[in-house]
Amino acid sequence: MSSKSILRSVVDLGPVTIGGVTVLLRPPRLADGPSWRETALAFTERLSPAFNRDDMDWESAHSPVIWVDTWRSALADARAGGVSYLLVRIDDGVERVVGHFSMTGRDPRTGGAEISSWAVDVPSAVSGWAQLVTVLAAFEGNPAIPHALAPVAVSNVRANRFCESMGWAQLQTRRALRKYDGQISDHNMWVLANTAEYRDWVRQRLTEIPATRTLLAPTVSRRPDAGYLAAWARFAAIRVRQRISATLRPAPTESSLETSTTNGEVVHIAPAGRGQFRVAVAERTAGSIDVYTDVGTSTTELVPRFEPWVSRDAGACALSALASHVAARPDGSRRTVVAVSGADGTLADQLARRGFVDEGEAPATLGDGGTARRMWTLLAGPLPK
């Protein structure tokens, strides 16, 4: 069977058998909630180090309301061009959730997606097959995705080996990125580029996995349990309250900043709302700096959008001053980052003087022709040991 027919059979048509185990990948359903919860609780020791939450215990994080949130997020991700599949094992005609594989989101600076995956109670060949199919489906379904990143805790040896076996390259190590096994941990960033060469490599790998089409009667999507229907209603009510609260919450006040270049030009930085700051050099409009915050990793990234005439010195002054200011806010993120062009020694020097550290290669910015970049990072709070 060709890789393309394998892809169609899994995503569209039905199950396959690998190593004597029958599985399929398909979008989540509301009715999958009880099986998802049962698997998560049965494999707590295996899954919780990477997927535990700070705001609730493991059992609460797998309640019916949380499943509704997960299910709705998967639908939204699919509408936005991502891929989110449950790995379902079929034994004696009964489906059981044993994994979740997704490539979703679009980084505001790079346009890249992020990979998240887990699987239990299946052979390693099944996990590899599911990951390859998910990646290929995402890249072929949305050619605009330039690459995907997979963050993996440095100490998670098994997951790092899995990423390497998928043909991904280790791009960098980001310090204090997120928690793993209860501790704020450094994470390796694995990257896969959406190139014809990589997609061909994935197709070849799929042909090497002994996956055979399994002719089973189509499974009937059963009605969700009453508890999960009620959870859907509770989830909707929670979302309404959150939206109302967000509209009533006063926006944090931001002050303007002023700095000077080495030749005495005054650089003025003023808040423009919605995470954007206007920049003026010698009272001339010079562009803006966008500020994006990822709550999950407590990372704030600054992305400059300067006019072509702005000198490297002026741009570096504006960006480094604002980065330092953002990092020092009382509600500042644990990580403040700037992706610096490899040729921009001026900005790198100014960030270094403010305590930023070079964390290594960073993905290119959309529209900059693939210019090599380095990620300069300022860390706040307790650091990994």
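These questions and answers walk through a predicted model of one chain.

Residues are numbered from 1 along each chain as its sequence is written. Local features need pLDDT of at least 70, side-chain atom pairs count only at pLDDT 80 or more, totals for chains, interfaces and linings use all residues, and side-chain values use heavy atoms, with hydrogens and water left out.

Student: What share of the chain is buried?
Tutor: Buried means under 20% relative accessible area, with a 1.4 Å probe and protein chains only. The chain has 385 residues. The buried share is 47%.

Student: In which order do the strands of the open sheet run?
Tutor: Strands are DSSP runs of E, at least two residues, numbered from the N terminus. The open sheet has eight of them, with mixed pairing. The order is 10-11-12-13-14-15-17-16.

Student: Which strands are the edge strands?
Tutor: Two strands pair if DSSP finds at least two bridges between them. An edge strand here pairs on one side only. That gives strand 10 (257-260) and strand 16 (357-362).

Student: In which sense do strand 14 and strand 15 pair, parallel or antiparallel?
Tutor: Strand 14 covers residues 299-306 and strand 15 covers residues 335-341. Thr299 stands opposite Arg335 in strand 15. Over four bridges, the sense is parallel.

Student: What angle does helix 10 make with strand 15?
Tutor: Helices are DSSP runs of H or I, at least four residues. Helix 10 (residues 345-353) lies across strand 15 and strand 17. Axes are lines fitted to C-alpha atoms, for helices over the stretch in contact (heavy atoms within 4.5 Å). Angles run from 0 to 180 degrees between N-to-C directions, and this one is about 160 degrees.

Terms used. Buried < 20%, exposed > 50% of the residue type's maximum accessible area, 1.4 Å probe, protein only.
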